[in-house]
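Trainee: I should like to learn how the features of a protein model are read. May we work through one example together?

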Amino acid sequence: MEMIRNERLARWGEQAARSIPITGTISARSAERRLREAMGRVTKRSRDEKAPAWYADNEYLARREGGVAPPPSHTAGRLRRGPDGAALVMLCRQLVQAGPITEERVEEFLTGARHTDVLPENEAVLVGAALRMAVIQELGREDVDGARAGELFTSLRTLSELDLTQALERSDPVDALLRQDAVYPKMDEESRAMYRARCQRLAKKHGVSAVKEAQTALDGGLHEYLFPQTKCTGAGYIAVQVLLTVILSLAAGVVSGRLWTAALVLFPVSELVRSVMDGALLRVVKPRRMPRLELKEGIGREGRTVCAVSCLLSDGETGPALAKRLEEYRLASRDCGGELLFAILADLPDGKTYPGPDGAERLETLKEAVNALNQTYGGGFFLMHRRPVWDERERLFTPWERKRGGQCWSWPVW
């Protein structure tokens, strides 16, 4: 087969994908068995006395890449089946037969192939493993000459260094469509993959293509359509807890022969039921990942954020210790940029007088520590202190609602 030029690969990929009839599904382990069979033929040929020395020297590549490739059976239980095994591996063999493997050629080929239903999202992530399998299967063919074997070994060496994550994303028509949204392109890789996977699931549920589902999502508000908010009141949880508590308490009363025992054990049984239910729910219900922005260049001005620590200056060492903690937060968040600010909301203990015997000194010590941080890092650290109010009932100067009050007081400052 003659080499397909790069500019024709997208069209070739689409034609190759459409030429593979899907006849059902096949176990991923079946594809792995074919890989082991091909590996056996490659090893046998390398030990043949007629095989050139360079073939035997490069045979380790086939063994290494065949073993390093992520086993598809660990990622996808069943793959779509074509006339000659897994459709994904058949598609990758078309690319291998079309010429050498490079990241650009893989991306061009996948751009065309992913316009069909032959390469769904759950199988696209296995392209790297499938390409290795396809190359090794080509090496295992009896009619492979020396020049072709050299090209295949070079492709294996290239695959060992390739990270196809970006190529897979750029070649995805669903991703290209979702990038029309204002927020989606700014998300991190895992969040974008979550959105694409959600489009695939909804498309399968509605019996339409993933591209059409993505367009529907864009028209209906991307996040609201893909992840609609569900109102959870917890009524079912409370009802089950109460029901189990009553049943177990009554059972204890019946067993003991004294009904007042049911009332006696009601609260202990309630705590036991709640603990067991919470533990079971934590094991059964998986946490849902929240979408995240990538923020490659740090937090933008529109997303300015203040990391504030509310504290009570109970002694002279509290202030410097908090300033040191803010410095640790600053060093741990270097990639966030200059729009991530740090603040201390400091209050003094309640007292008959304000600022009290040592209050002014404690505030001054903390102020010096914050100023030192600003000199070291060029700003970004703030100290906020509010004057307490006189409490007639307690006959003390006290801050109004220490934590919540401090937050409400500080919001207008920013």
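Mentor: Let us begin with burial. This is a predicted model, and buried residues make up 39% of the 414 residues in its chain.

Trainee: Which helices and strands should I expect to find, and how many are there of each?

Mentor: The chain contains 19 helices and eight strands. Its radius of gyration is 32 Å, well over the 22 Å that the globule rule gives for 414 residues, so the chain is more spread out than a compact globule. Taken along the principal axes, the C-alpha atoms fill a box of roughly 100 × 75 × 50 Å.

Trainee: What share of the contacts joins residues that lie 24 or more positions apart?

Mentor: Among contacts with a separation of 6 or more, such residues account for 72%.

Trainee: How should I describe the surface and the charges?

Mentor: The accessible surface comes to about 24500 Å², and 54% of it belongs to carbon and sulfur atoms. As for charge, the chain has 60 positive and 56 negative charges, and their mean positions are 5 Å apart.

Trainee: Where do nonpolar residues gather in the interior?

Mentor: The general idea is that nonpolar side chains tend to be buried together in soluble globular proteins. In this chain, the largest nonpolar core has 51 residues, and those with the most contacts inside it are Leu91, Val127, Leu131 and Leu156. Several helices give two or more residues to this core, among them H1 (6–18), H2 (28–46), H4 (87–97) and H7 (127–139). A second, separate core has 18 residues, including Val309, Leu313, Leu340 and Ala346.

Trainee: Which residues does Leu131 touch, leaving aside those up to four places away in sequence?

Mentor: Leu131 touches Cys92, Leu95, Val96, Ile101, Val106, Leu159 and Leu164. Leu131 itself belongs to helix H7. Since buried means under 20% relative accessible area, Leu131 counts as buried at 1% relative accessibility. For a sense of distance, Leu131 and Val242 are 111 residues apart in sequence and 56 Å apart in space, C-alpha to C-alpha.

Trainee: Is H4 mostly covered or mostly uncovered?

Mentor: H4 is mostly covered, for ten of its eleven residues are buried. The buried residues of H4 include Leu91, Cys92, Arg93 and Gln94. After H4 comes Gly99, whose phi is positive, near 145 degrees.

Trainee: How should a positive phi be judged in a residue other than glycine?

Mentor: Most residues other than glycine have a negative phi. Here, Leu295 has a positive phi, near 55 degrees, and is a residue other than glycine. Leu295 is placed in the loop between helix H16 (266–284) and strand E4 (305–312). At 41% relative accessibility, Leu295 counts as partly exposed.

Trainee: Where does Leu119 lie, and is Leu119 buried or exposed?

Mentor: Leu119 lies in the loop between H5 and helix H6 (121–124), and Leu119 is buried, with a relative accessible area of 4%. Not counting residues up to four places away in sequence, Leu119 touches Leu88, Leu91, Leu110, Ala113, Arg114, Ala124 and Val127. Leu119 and Ala62 are 57 residues apart in sequence, and their C-alpha atoms are 25 Å apart in space.

Trainee: How would one read a charged residue such as Glu169?

Mentor: One locates the residue, then examines its cover and its contacts. Glu169 lies in helix H9 and, at 4% relative accessibility, counts as buried. Apart from residues up to four places away in sequence, Glu169 touches Asp175, Arg179, Arg192 and Arg196.

Trainee: May we apply the same steps to Arg362, and ask in which helix it is placed?

Mentor: Arg362 is placed in helix H18, which covers residues 359–377. With a relative accessible area of 19%, Arg362 is buried, for the cut-off is under 20%. Arg362 touches Leu313, Ser314, Asp315, Gly316 and Pro349, not counting residues up to four places away in sequence. One of these, Leu313, is included in the second, separate core of 18 residues. The C-alpha atoms of Arg362 and Leu348 are separated by 8.7 Å, and these two residues are 14 residues apart along the chain.

Terms used: Residues are numbered from 1 along each chain as its sequence is written. This is a predicted model: local features need pLDDT of at least 70, side-chain atom pairs count only at pLDDT 80 or more; totals for chains, interfaces and linings use all residues. Side-chain values use heavy atoms; hydrogens and water are left out. Helices (H or I, at least four residues) and strands (E, at least two) are DSSP runs, numbered from the N terminus. The radius of gyration is taken over C-alpha atoms; the globule rule is 2.2 Å times the number of residues to the power 0.38. Buried means under 20% relative accessible area, exposed over 50%, partly exposed in between (1.4 Å probe, protein chains only). Contact means heavy atoms within 4.5 Å. Accessible areas come from the Shrake-Rupley method with a 1.4 Å probe; for residues, only the protein chains shown count as cover. Lys and Arg count as positive and Asp and Glu as negative; His and the chain ends are not counted. The place of a charge is taken as NZ of Lys, CZ of Arg, CG of Asp or CD of Glu. A nonpolar core is a set of buried Ala, Val, Leu, Ile, Met, Phe, Trp, Tyr and Cys residues joined through side-chain atoms within 4.5 Å.
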